[in-house]
Amino acid sequence: MMTRIPAWRRYARFFGADVGSDVDEELRFHLEEKTRDLIARGLTPDAARAEAQRQFGDTAEVRELCQTLGVSRERTLARRDYWSGWTQDIRYAGRMLRKAPLVSAVAILSIALGIGANTAIFTLLDQILFRKLPVPEPDRLVRVYTEGFYYGASIGTGRELSYPIYKDLRDRNQVFSGLFAMFPFTPAIHTGGRDETAEMIAGELVTGNYFRSLGIGAIRGRVIGEDDDRVRGGHSVAVISHAYWQRQFGGDPNIVGRALSVSNQPMTIIGVLEPGFDGLNLASATKVFVPLTMGGTIPSTPGIPADGLRWLKTYARLKPGITPEQARASLTPLYRTLREQDLADVRFSRASATAKQRYLNENHVVIAGGAAGFTPLQAQMRRPLWVLMAIVAGVLLIACANVANLLLARGASRQREVALRLSLGATRGRIVRQLLVESLMLAAAGGVAGLLLATAGVRFLLRFMTDPDTVSPISATPDYSVLMFTGAIAMLTGLLFGIVPAFQSTKPALAPTLKDLAGSVVGGGHVRMRKALVVSQVALSLLLLIGAGLFLRSLNELMTLDLGFKREHLLTFGGDPTLAGYKGQRVKQYATDLLAKVRATPGVEAAGFSRLGVLWGGSWTNSITVEGYQGKDDDRMYTRLNAVSPGYFEAMGIPLLMGRDFTEADSRVWSPGEARDDADEGYRVAIVSEEFVKRFITGNPIGRHFGLGNDPGTPTKIEIVGVVKDSAYTWPGEERLQQAYFPFLESQDAGSAWFYVRTAQDPEAMLETMRRTMRELDPAVPPLQLRTVDAQVRRSLGNQRFMSSLSMVFSVLATLLAMVGLYGVMAYGVTRRTREIGVRMALGAVAPRVIWLIMREALTLIVIGVAIALPAAWWLSSLVRSELYGVTPTDPLTVIAAVAALAAVAMMAGMIPAMRAARIDPLQALRQD
Amino acid sequence: MKKASLDVVRGTLDVLILRALSWGPQHGYAVSQWIRERTEDELLVEEGALYPALYRMESKGWIEAEWGASDNNRRAKYYSLTAEGRRHLKQELATWERYTLAVTRILSATTGPAPRRA
């Protein structure tokens, strides 16, 4: 029977199994045994060998087969060993983490806060900056717009195309498979319910090739096509989005053919779009689409061709193989030809030679990426979001440093365990791997918790950024790329905070550790490392504090700025009677009637209305010519305009400095179809701002004249009757440019009116009264954006509030994390020096001296941190300059306040362990030995 | 000495090996001789075929191998049944018995199939 082979033979296996020689040996054994048996039966050795071989068969074939089988078996075994090593590591790591629940909890919380902040901001980046239109091949879409000197009016950003130019580009280009345009508008929609009030929803006027070029179809009925794009005012059809169909019509299967009133214009619903597509603005869901040919028929929209007016946001799908650069090169000569033709237009009849020349030479067509559609929120949030991303990256680094710190401390207390395992033959790599598994598990737990935090956080943040009045399609639910991001940073985080402690605590210093004298923990290297980490935490959190301080001061500057009007006890709302079918003189009558009704309301001190709401971001600008003022050649004297009612300045609290306010007499009745006789839009009198006077007029401004337009020979027939103080127009922080106000009642095409109501009591309480007042006058005209002016000011500072509050939250978070780190190191230091302190106290050191002993260490760390942070802050300041207002990036007050705040908190964090040191009982401490 | 021997299907050889090992650990040569003696050279034509079968069964976990010393103190690879191998053998034996019983019944039948009616 089998006898066991000597034990040493096993060790040959340490060099890995040698399958080849094993097989050879086994087969040789077989043949030799067989030969021996055959000889014993009387065969000659030669004959026996041959017979053995014959009975065995093909040795080479068997050998090869066995070897293949053996090698694949070895491989399977190795793999199994490897994976069972990992599960073993994970199980062990889990046990270690459970054994120190407090450390684990603090670590996971730190990471969760860091990763949560990053995930939240990344979600916003992903949803706002990286999002693309849900259409086939969005990257083949481009935006087509113009840049440079332009002559004439525009609606929007000033880069839109006019209808004639759009049409010629569409029909004559060689590079697009479709050039389409749209105009965003906000109609009042009525679906025919009896007690239904009209709802303002987002809509788009679209060209006939819009849906075909985008590649969007209908799930019910059909989309708007080329046949809906032929006759001006002749296609009363509308397409609605899937979401709107569900919300408003409950997914009614018989939706096609239903009637819909679009700003009092009866339309027929011809289709429902496929789900997911909500128009070209990704931040505001468009719900109704109407053919561009209905522009002009629907109130408050320009009618085609609208001649020189630039109002169309134009997009195109590139033909296969055409690059945006090729498209631009191809369009440039075509666009120049179109401009040359344009100059022959009647609009240019009075233009100066310079203006014509500049239009020809200083205007060009631009092709830009159009995958994100038309999303103003993108441009507005790009910089703030990247700045915030940098801030949260700082928070995460601090959190990492914290966890690394905890792990270093624990690594020190686990030195005996590690030393034992090393001496029992574990390799350093294997232990490092095991420690890294621990940190990765911490990171994974932190990542999951962070993801939950982020989801809640984003939901909260979105309220800052999107208009609460419109439904935003930006969702807080993490999608695939957010999950990937979180997974990746959790992994990176785990490696980042794990790798140093893992190597540090496996440093082979066996002998002293195993001896482990006197209960004191060995460790010089890791203490230095921990201090370095704390210094970097202090520096980073100071940077974030300075940043937050700067944003806060900017906001404060803006909030306390003199706006030129009194924002307290003031409320505002809009009313657009044209949406309810009012036309011509009746529009002005509506506004006058409503004003009278508002003024008669108890509690109202003063009221007035204007054509344009202040601080809405919108503007009405025109070049002017002032009697007796010769501007330089390229100074077109652009002036901000508005049309206001009598009593508007009184209601706003804008002081009248000279002359008089408008009266009921400053009005003009236009008969329908009456042509305006000049470029002055029919205005005869005006009130101008202080800045206007300062720039253009010497002497007494009252009785002087100006005119709209800047062409040579422009008549100046508008008489200045009053001067008011400068006031904010589009944004609180902007420069106060020259303004001119016309009498609202003199205008020919009056539309919406924005009311300003000064109240004796709390304006919030008056909001409902105003809503009722409007309903009483005409329920078909809904109140628009009814709110206090104070709320309006805060809304216009939304970006600044967003930045300052978020950076404040994150920097406080960062500082707290850093302080936990500082506290940890100091507390550990006290523990380590218990005996030393005991000796000192026994020798007569008093409590204050002991406190100083500890605090000196804390102070050193803080001072070094501050010394690193200050130059870094100076160096980084240029990055945030554009986000600041009224404060320099190196504002000394902010820096001092940040340093003081940090120092105060840091002293507190250091004081706790110092006090504990002072309470050490020397006897107890010495007996520890 | 060529005989009209049965072609040994792989499955059968596996069962034979497992049966041989069910008496205790053996090296490959001993297993081959055991089969040869019991079957009077009917089944095992080429002894070499034994080894790939052994390796395959080792991978499946039915048997395990360990190097030991033979009776004449030579280094030899000993195979033994694992618990799983024992279970497998039991199962195979049961199947084999049912199978042979069924085949035997047919081959020793005295009446042929009934003629089919159209």
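I started with Tyr210(A) and Phe211(A) in this predicted model, asking whether each is buried or exposed. Tyr210(A) turned out to be buried, and Phe211(A) is buried as well.

Next came the ring contacts. Counting over all chains, I got 35 aromatic pairs. Tyr210(A) and Phe211(A) make one of them, edge-to-face, with 4.9 Å from centre to centre and 85 degrees between the planes. I also followed a cluster in which ring pairs link Trp620(A), Tyr629(A), Tyr683(A), Phe692(A), Phe696(A), Phe706(A) and Phe742(A).

Then I checked for charges over rings. Arg586(A) lies over the face of Tyr582(A), 4.3 Å from the ring centre. For Arg530(A) over the face of Tyr828(A), I noted 5.0 Å from the ring centre.

On to α24(A), residues 892-918. Does its length fit the residue count, and what should I expect? At 1.5 Å a residue, its 27 residues should span 39 Å, and the end C-alpha atoms are 37 Å apart, so the two agree. I did find a kink of about 30 degrees at Met911(A), shortly before Pro913(A). That proline is among the buried residues of α24(A), which also include Leu902(A), Gly910(A) and Ala914(A).

Last, I looked for enclosed space. The search of the whole structure gave me five cavities of 30 Å³ or more, and the largest has a volume of about 120 Å³. Which helix supplies the largest share of its lining? My answer is α13(A), with four residues. Helices α10, α12 and α13 of chain A each give at least two lining residues. Among the residues lining this cavity I wrote down Arg410(A), Arg414(A), Glu438(A) and Ser505(A).

Methods: Residues are numbered from 1 along each chain as its sequence is written. Chains are lettered from A and ligands numbered from 1 in the order in which they are written. This is a predicted model: local features need pLDDT of at least 70, side-chain atom pairs count only at pLDDT 80 or more; totals for chains, interfaces and linings use all residues. Side-chain values use heavy atoms; hydrogens and water are left out. The expected span of a helix is 1.5 Å times one less than its number of residues. The bend at a residue is the angle between axes fitted to the seven residues ending there and the seven starting there. Buried means under 20% relative accessible area, exposed over 50%, partly exposed in between (1.4 Å probe, protein chains only). Rings of Phe, Tyr and Trp (its six-membered ring) pair if their centres lie within 6.5 Å; planes under 30 degrees apart count as stacked, over 60 as edge-to-face and the rest as tilted. A charge sits over a ring if NZ of Lys or CZ of Arg is within 6 Å of the ring centre and within 35 degrees of the ring normal. On a 1 Å grid over the protein atoms alone, a cavity is a set of points where a 1.4 Å probe fits but cannot get out, and a pocket is an open set with protein on both sides within 12 Å along at least five of seven lines; lining residues have an atom within 4 Å of a point. Grid points are joined across faces, edges and corners, and a volume is the space filled by probe spheres set on the points.
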